[in-house]
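Colleague: I'm new to this one. Could you walk me through a few of its strands?

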Amino acid sequence: MAAGARATAGRRRSGRPPRYSAFTLLRHGLSGEQWPRVWQEHPLQRSYDVVIVGGGVHGLAAAYYLAANHGITNVAVLDKGYIGGGGSGRSTAILRSNYLTPEGVRFYDRSLHLYDHMAASLGYNVMFSRRGHLTLAHNDASLRTMRWRAEVNQIQGIDSDVIGPSEIRKLVPFLDVSEKARYPILGALYHPPGGIIRHDAVVWGYARAADALGVHVHQQTEVTAIDVVDGQVRGVRTNRGDISTPVVLNCTAGWSTLVAEMAGVRLPIQTFPLQAAVTEPVRAFLHPVVVSGTLHVYVSQTDRGELVFGASVDPFASYSTRGSLEFAEGLAGHVLALMPGLSRMRLLRQWAGLCDMTPDFSPVMGGTEVAGFYVDVGWGTYGFKAGPVSGEAMAECIATGRTPEIIAAFGLNRFGEGFLVGEKGAAAVGH
Amino acid sequence: MIQIRCPWCGLRGAGEFRYTGDVRTRPDPASVTPQEWRDYLYFPANPCGPVVETWYHRMGCRRFFTAERDTATNEVWTLEEGMR
């Protein structure tokens, strides 16, 4: 980055956020005094070294790693709503790294590693629960893909293997593994390091740690235009005023093509809603995450006991986040085909989030033809699990001006050159 | 439920139809450059607002027709009445 690391005067705090401890919990609990705000509100400065559009896990992670790893602290994260209110808050928060391509496996495994150490490094409990991840195969073709994925995973040193119905029954006793099931279960790809996490805590943890390092998080701040002069980013205009900046990072989901258009950059993305739903809480009975690509469903049980269901994207492109009855009906049918014992469970609510689908089911990361305009977009249905590694890599990309090796395969130029990273076999419904 | 008016069968639930994407002109394969072809393949229009699309009534008359839809609200207007 041209401006480089710059010490900014007038920052109230710097370094690590205050630690949570049993003592502070007791003190606040007994005295009833207000907990300090997790991150601060700041007036919008006239200029920043880096402006990040989108305050989800990707944008906040990028801001945190810019400050923590590269000393670039004069950074603003802008969100038109509230932080974690888009894809990060709507995701089903499943983490795994058992992808299909070597590039994808390596990338997502780095993310899993960062998630594993996140609670300690951010000083915030993100409730990562490693429960194992089962992707069911209902036919020979999917069993073949599972075997393929297991081989690719094992070469990269990832714990991932194909298991049979008897082992599946031991892991998930409620699953119908009989031969008379409508969609018989022939086997599954078992990935023990996979699990679920508290997605809001990840967003808040990054916001808190970035804020302590001097990053400004601006909510309710919508970018309305990006100023580009002679192929170089000069600033952004927002509903709260104009900001001059040499670097803009587009970390939005859903609206990523519209934000990129402001800078004159076209993206190979179409926006589709994805619906998810949650049931009433019940006693813990489902330990691993269960996924069926054939039935377009994935199921996990949260620490509170609710079952979280997700589906594939809606059948047509849209920016609407309204739920539909077809989804609830289809979902219920598919879940009952897998676990008939759930027939009396009640759905509490359903929602939709926006997914930026790319032609090859892989993200788009790195620089663009506009100098200073970076993208971290195209996160389809797999963005949450990649938040930390994308933030880390994009921070390095911006700070050094070089594309890190780990995201080299995911550049925007791959669509012009024809080097796609096909992840449909592992990303389409396999969460 | 979203409803779409098929020019042949009338108003039906969206589940009966298949979305085939925005109307794009396919470049001539004989004369197209690789760059133009990749543009056509990979870079769809993705507006947040009205878009002209082709739909297929797969569980009805099995005809293709053109409709305009607002991608922000999912309001649908059929464009060509009686298209076959």
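Modeller: Sure, one term to begin with: two strands pair if DSSP finds at least two bridges between them. Also keep in mind that this is a predicted model.

Colleague: How does the predictor score the complex in ipTM, and what does chain B average in pLDDT?
Modeller: For the complex, the predictor gives a pTM of 0.92 and an ipTM of 0.92. In chain B, 94% of the residues score at least 70. The average pLDDT of chain B is 88.

Colleague: Is strand S13 of chain A largely enclosed or left open?
Modeller: A residue counts as buried if 20 or more other C-beta atoms lie within 10 Å of its own. S13(A) covers residues 270-279, and nine of its 10 residues are buried, so the strand is largely enclosed by the rest of the structure.

Colleague: Which residue of S16(A) is the bridge partner of Val278(A)?
Modeller: S13(A) is joined to S17(A), residues 347-357, by 10 antiparallel bridges, with Leu274(A) opposite Gly353(A). S13(A) also pairs with S16(A), residues 307-313, in the antiparallel sense over four bridges. There, the partner of Val278(A) is Val308(A).

Colleague: Which strands stand at the edges of the open sheet S9-S10-S11 in chain A?
Modeller: The pairing in this three-strand sheet is antiparallel. Two strands have a single partner each, so one side of each lacks a neighbour in the sheet: S9(A) and S11(A).

Colleague: And which residue of S10(A) is the bridge partner of Ala225(A)?
Modeller: S9(A) and S10(A), residues 232-238, pair in the antiparallel sense over six bridges. In S10(A), Ala225(A) has as its bridge partner Arg237(A).

Note on methods: Residues numbered from 1 in each chain as written. Chains lettered and ligands numbered in written order. Predicted model: local features only at pLDDT ≥ 70, side-chain atom pairs only at ≥ 80, totals over all residues. pLDDT = per-residue confidence, 0-100. Buried ≥ 20, exposed ≤ 12 C-beta atoms within 10 Å, placed from the backbone.
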